[in-house]
Number of protein chains: 2
Amino acid sequence: MTAPARLAPPPRERIIDAARDLFRKHGIKGIGVDAIAEAAESNKMTLYRHFGSKDDLVVVCIERAAAEAEGFWADLKAAHPDDPRAQLQDWVRRAGEFVTVAHCNCELLDAAAQLVESDHPARHVVEEIRKGHKRRLAALCRDAGVAEPDLLVDALTLLIEGARFNWRSTGPTGAAARFVAIAETVVTAFMAKSPCGGSSGRAH
Amino acid sequence: MTAPARLAPPPRERIIDAARDLFRKHGIKGIGVDAIAEAAESNKMTLYRHFGSKDDLVVVCIERAAAEAEGFWADLKAAHPDDPRAQLQDWVRRAGEFVTVAHCNCELLDAAAQLVESDHPARHVVEEIRKGHKRRLAALCRDAGVAEPDLLVDALTLLIEGARFNWRSTGPTGAAARFVAIAETVVTAFMAKSPCGGSSGRAH
DNA sequence: TGACAATGTTACCAACCCGTAACATTTACT
DNA sequence: AGTAAATGTTACGGGTTGGTAACATTGTCA
């Protein structure tokens with residue numbers, strides 16, 4: 001048995017997990033490296049040996065969250081091969097789970113929100129990840145035959161970001177709990193008005 | 001001229017203004033009282049003489065934002081007396097301005113987001129204000145004859161919170177810039193399906 | 001067993017931050 | 001003018017935080 005890593009993950013992983021959890025709960029600026037190291041059942045020294053600084057740890061956490069989101073898209077495509085409309089419907093459902101489940105990748109949002117007007121190294125990482133999400137979702141909407149795919153993408157973006165935000169502050173009793181029903185209504189509304197221009201007309 | 005307060009507002013007001021601005025830019029936990037006092041062209045002592053603590057200052061800032069929102073609702077009703085549909089349409093337009101304008105009352109959102117999992121005294125204040133907004137918006141949707149007013153309220157809530165959030169991180173190039181067009185589409189979609197049940201059916 | 005890397009422990013530093021004390025200064029009002 | 005309140009200035013204390021140094025411990029592999 002040369003690999004006892006099955007039961008106890010190596011400290012690096014424990015630290016990342018603890019950091020993601022605590023960042024989500026208290027915010028990036030709301031938790032200290034000492035608390036993270038303790039929650040990870042490790043210590044501050046090993047934390048600083050793996051990640052040179054708190055900022056670097058934040059970046060690693062965000063990249064980890066982005067990697068998980070990568071799996072999200074892969075699963076989505078695998079579940080409904082060559083059926084973009086079904087993929088879009090399922091996107092709404094799965095996104096709803098990501099909102100309500102505790103272990104969602106809110107780090108992106110937290111980071112984006114808390115690091116405004118600051119030159120935190122995680123900022124452009126978040127930017128890139130967001131762009132990637134938007135690009136994939138836009139492709140999905142386009143393939144699904146939506147009339148104004150870009151506008152639907154923006155609508156879903158606002159809805160899901162608002163839902164994540166709202167869930168954190170009001171919990172299951174707030175508007176975020178009905179994200180799926182709302183998003184489905186919005187999607188069908190955009191599907192319906194395929195040839196006709198929108199209410200306010202702006203073509204694109 | 002016993003009132004020279006015309007040119008330079010009293011320090012209390014300057015401090016509140018500066019605090020709101022800096023809280024918005026750097027977050028509640030991201031800025032210190034020293035910086036606030038300096039930005040207000042005052043000093044830490046007078047800050048603490050007016051507001052006993054930083055937490056109290058946060059509460060005052062939030063209440064100030066809520067008071068401004070009060071004027072928002074009053075203007076809305078005054079602009080379209082006895083015409084709830086026009087009020088709802090105008091709500092979307094004005095809410096869009098509140099999103100994009102720099103001096104919006106994001107404090108509520110910021111506070112709500114950053115004080116999760118914390119017993120900050122401002123939390124329940126934010127809760128109350130949110131409830132009030134939701135109640136007013138629900139009444140508006142109901143009076144406007146929407147089929148599922150509660151669901152539309154939640155949809156608009158997610159959209160506007162998402163828009164505020166998105167605006168702060170991506171600015172005018174992000175999805176938040178198209179909030180008005182999106183919200184208008186959603187409202188008309190909800191208006192259209194007055195007798196028929198929604199896609200996912202849940203009546204209420 | 002011996003050597004080496006990874007991890008843990010303790011202590012420490014400099015910087016920052018909230019809040020207070022004591023004193024100086026300006027402003028407002030009679 | 002004169003008094004009192006409001007404001008400004010300086011300094012300080014206790015606490016926390018990010019980050020480092022030095023040393024002890026554990027585990028791994030030959």
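Helix H3 of chain A gives the largest share of the surface near DNA strand C, with four residues. That is a good place to start exploring this predicted model, which we will walk through strand by strand before turning to the protein chains.

**Around DNA strand C**

How many residues surround DNA strand C? There are 18, and the closest are A:Ser42, B:Val33, B:Lys44, B:Tyr48 and B:Lys54. Of the atoms of DNA strand C that come within 4 Å of the protein, 48% belong to sugar and phosphate. Let us look at some individual contacts. The side chain of B:Lys44 places an N or O atom 2.4 Å from a base oxygen of DNA strand C. B:Tyr48 addresses the phosphate, with a side-chain N or O atom 2.8 Å from a phosphate oxygen of that strand. From chain A, a polar side-chain atom of A:Asn43 sits 3.2 Å from a sugar or linking oxygen.

Which elements give two or more residues to this surface? They are helix H1 (11-26) and helix H3 (44-50) of chain A, together with helix H3 (44-50) of chain B. Sorted by character, the residues near DNA strand C comprise seven nonpolar, six polar and five charged.

**Around DNA strand D**

DNA strand D has 18 residues around it, and those that come nearest are A:Val33, A:Lys44, A:Tyr48, A:Lys54 and B:Ser42. Here sugar and phosphate make up 50% of the strand's atoms that come within 4 Å of the protein. Three polar side chains that approach a phosphate oxygen of DNA strand D are collected below.

| Residue | Distance from a phosphate oxygen of DNA strand D |
|---|---|
| A:Tyr48 | 2.9 Å |
| B:Ser42 | 2.8 Å |
| B:Thr46 | 3.4 Å |

The elements giving two or more residues to this surface are H3 of chain A, along with helix H1 (11-26) and H3 of chain B. H3 of chain B gives the most, with four residues. By character, the residues near DNA strand D are seven nonpolar, six polar and five charged.

**How the two chains are related**

Now for the protein chains themselves. Two copies of a chain are related by a rotation about an axis and a shift along it. In this model, a turn of 180° and a shift of 0.0 Å along the axis lay chain A on chain B with an RMSD of 0.1 Å. The two copies are therefore related as by a two-fold rotation axis. Which residue of chain A comes closest to that axis? A:Gly162 does, with its C-alpha at 1.7 Å. The two copies also use the same surface to meet, as 98% of the contact residues of chain A recur in chain B.

**Two helices packed within chain B**

Two packed helices are described by the angle between their axes and the distance between the axes. In chain B, the axes of helix H4 (residues 54-79) and helix H7 (residues 122-143) come within 10 Å and cross at roughly 10°. Because of that angle, H4 of chain B counts as roughly parallel to H7 of chain B.

Which residues bring these helices into contact? On the H4 side they include B:Val58, B:Ile62, B:Ala66, B:Trp73 and B:Leu76, while H7 contributes residues including B:Val125, B:Ile129, B:His133, B:Arg136 and B:Leu140. The residues of this contact divide into 13 nonpolar, one polar and three charged.

Notes:
Residues are numbered from 1 along each chain as its sequence is written. Chains are lettered from A and ligands numbered from 1 in the order in which they are written. This is a predicted model: local features need pLDDT of at least 70, side-chain atom pairs count only at pLDDT 80 or more; totals for chains, interfaces and linings use all residues. Side-chain values use heavy atoms; hydrogens and water are left out. A residue is near a molecule or strand if one of its heavy atoms lies within 4 Å of it. A polar contact is a pair of N or O atoms within 3.5 Å; within protein, one must be able to donate a hydrogen and the other to accept it, and residues adjacent in sequence count only if both atoms are side-chain atoms. Ala, Val, Leu, Ile, Met, Phe, Trp, Tyr, Cys and Pro count as nonpolar, Asp, Glu, Lys and Arg as charged, and the others, Gly among them, as polar. Copies are superposed by least squares on the C-alpha atoms of residues with pLDDT of at least 70 in both. Contact means heavy atoms within 4.5 Å. Axes are lines fitted to C-alpha atoms, for helices over the stretch in contact, and angles run from 0 to 180 degrees between N-to-C directions. Angles under 35 degrees count as roughly parallel, over 145 as roughly antiparallel, 65 to 115 as roughly perpendicular and the rest as oblique.
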